[in-house]
Every structure is written in C-alpha cells, then in structure tokens.
Amino acid sequence: MKLYYAPGACSLAPHIVAREAGLRLDLEKVDLRSGKTEGGAAFADINPKGYVPALSLDNGEVLTEVSALVQYVADQAPQAALMPAAGTDERYRVLEWLGFISTEIHKGFGPLWNPQSPDAAKTIAKANLAKRFAYLDQHLARGPYLLGERFTVADAYLFTVASWTNFHRIDLAPYRNLQAYLQRVGAREKVREALRAEGLLQEAA
Ligand SMILES: N[C@@H](CCC(=O)N[C@@H](CS)C(=O)NCC(=O)O)C(=O)O
C-alpha cells in the first residue's frame, strides 16, 4: 500500500494506524499547492478530489476519505485490534467517533485553514470547536482513550486533528483531560515514528 500524504495533515491518521498495525506502508508526499507528488506525478490523476489522504492499494485501486482509510488499514491487521469486529457494539462506537471527529472536529477547522475566511468566520469556528473540545474533555475523564482502555483508529484520527490546535494557537488549558490525552497519544512509540517520518518531530541530536 502507498499513502499519499502531506505532513501533519489528516493523512497522518491512516499513517499512524498502519504503524500501530505493524503494516508496511510506502509514503509519497504531496505538495497540495502545486498539486504534484514528490515523484513528479499530477496528484489529480491519483485522486481527482485533489486532497489527501489517498491510499493506493495493492490491487491498483485508490481509496480515499480518512474514515474509510483508517478502517481499511486496521482491517488488514485484525490481530492489532485497532478496529473492533464488524457487528459488535464497539464497532458502532468507533464509527460514532469517526463521524464526530470527521464532521465536528476535522471540518470544524476548515475556516481556520482557509486564508480567505473572514475573521468573523474564524471566530465562529473557534467557538464551535470550543464546544466540541468541552464535550471531549468530559468524555476523556472516563479513560485514557476514546473507547476506554483500548486505543483504536478513532484515537489516531482525533490526535491528528486536535493537534492542529498547536498550529492555530488554540489554548487547550481549559481542557485538562484532552490535553493529557494528546500527550498520552503523542508519546506512543508508533505515533512518534509516524511524526518523525513526516518530519514533524524535532529531537535533540
Ligand atoms: N473528506 C476528506 C477531507 C480531506 C481533507 O480535508 N484533506 C485536506 C488535508 S487535512 C487537504 O488535502 N486539503 C487540500 C485541498 O482540499 O485542496 C477526508 O475525510 O479524507
């Protein structure tokens, strides 16, 4: 499998899942401004939607959308237990979280990434995110991960998008449980490996 990614973008979620699952994953960086991959291909020919992530499968097909990719990757390594089995109550809980993270958190950041957004739109986006962070903070008082003791694909996705608060200088101090959660997930060996591979980890030599 090959993952088309941009450093620190939402493509980090399937990247983390692949490492947590112990799967081999080739990486190809995409320059979203020029629309070229680091190999010189036109990214639109790979994913006509024009955005990362895109996963080129071993059968030659290309799969897109974070929620689909994290499940696909986790399902390649069921022994890693990153995605509960289909039909179980836990699977629906993870799907519930993926929906929340995708629509309420990931896309909640949309106006903040868009340089054309007026300040008022950014202020509204931050207020909406604050409500979602308060909800997450309350939930995370119950256990170390979204599903309790078990790290799942939903944690890889939430870690990825909630970490954008650093870039946008959103203070998470009011959300102690969420802050501790991001530190906890960020300290996982495989998460650090993924961050390092994307050039996002500065370490003392
Ligand atoms: N619905 C897509 C959204 C993906 C997305 O928002 N990708 C961003 C990076 S996090 C991107 O590539 N934006 C560049 C663009 O839209 O041109 C998914 O869930 O995978």
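Biologist: Which helix gives the most to the lining of the second largest pocket?

Modeller: α4 does, with 4 residues. Helices here are DSSP runs of H or I, at least four residues long, numbered from the N terminus. A pocket is an open set of points on a 1 Å grid over the protein atoms alone, where a 1.4 Å probe fits and protein lies on both sides within 12 Å along at least five of seven lines; lining residues have an atom within 4 Å of a point. This is a predicted model, where local features need pLDDT of at least 70 and side-chain atom pairs pLDDT 80 or more, while totals for chains, interfaces and linings use all residues. Residues are numbered from 1 along each chain, and side-chain values use heavy atoms, without hydrogens or water.

Biologist: Which other helix supplies at least two residues there?

Modeller: That's α6 (119-139). The lining includes Arg93, Glu96, Trp97, Tyr135 and His139. By class, the second largest pocket is lined by 6 nonpolar, 3 polar and 3 charged residues; Asp, Glu, Lys and Arg count as charged, Ala, Val, Leu, Ile, Met, Phe, Trp, Tyr, Cys and Pro as nonpolar, and the others, Gly among them, as polar.

Biologist: What volume does the largest pocket have?

Modeller: Rolling a water-sized probe over the atoms shows where empty space is left. The largest pocket comes to about 1,400 Å³, while the second largest holds about 220 Å³. The largest pocket has 39 lining residues, and the closest to its centre are Pro7, Gly8, Ala9, Trp113 and Trp164. Helices giving it two or more residues include α3 (66-75), α4 (89-106) and α9 (176-186). Its lining splits into 21 nonpolar, 14 polar and 4 charged residues.

Biologist: Which residues are around the ligand?

Modeller: Look for a heavy atom within 4 Å of the ligand. Among them are Ala9, Cys10, Tyr51, Pro53, His106 and Trp164. Then check polar contacts, pairs of N or O atoms within 3.5 Å. A ligand nitrogen sits 2.6 Å from an N or O atom in the side chain of Glu65, and a ligand nitrogen is 2.8 Å from a polar backbone atom of Val52. A ligand oxygen lies 2.9 Å from a side-chain N or O atom of Lys107.

Biologist: Now Thr165 in helix α8: buried or exposed?

Modeller: Buried, as its relative accessible area is 1%; the cut-off is under 20%, using a 1.4 Å probe and protein chains only. Leaving out residues up to four places away in sequence, Thr165 touches Phe109, Phe133, Ile170 and Leu172, with contact meaning heavy atoms within 4.5 Å. A polar atom of the Thr165 side chain also lies 2.6 Å from the backbone oxygen of Ala162.

Note on methods:
Points joined across faces, edges and corners; volume = space filled by probe spheres on them. Buried < 20%, exposed > 50% of the residue type's maximum accessible area, 1.4 Å probe, protein only. Polar contact = N/O pair within 3.5 Å; in protein donor to acceptor, adjacent residues only side chain to side chain.
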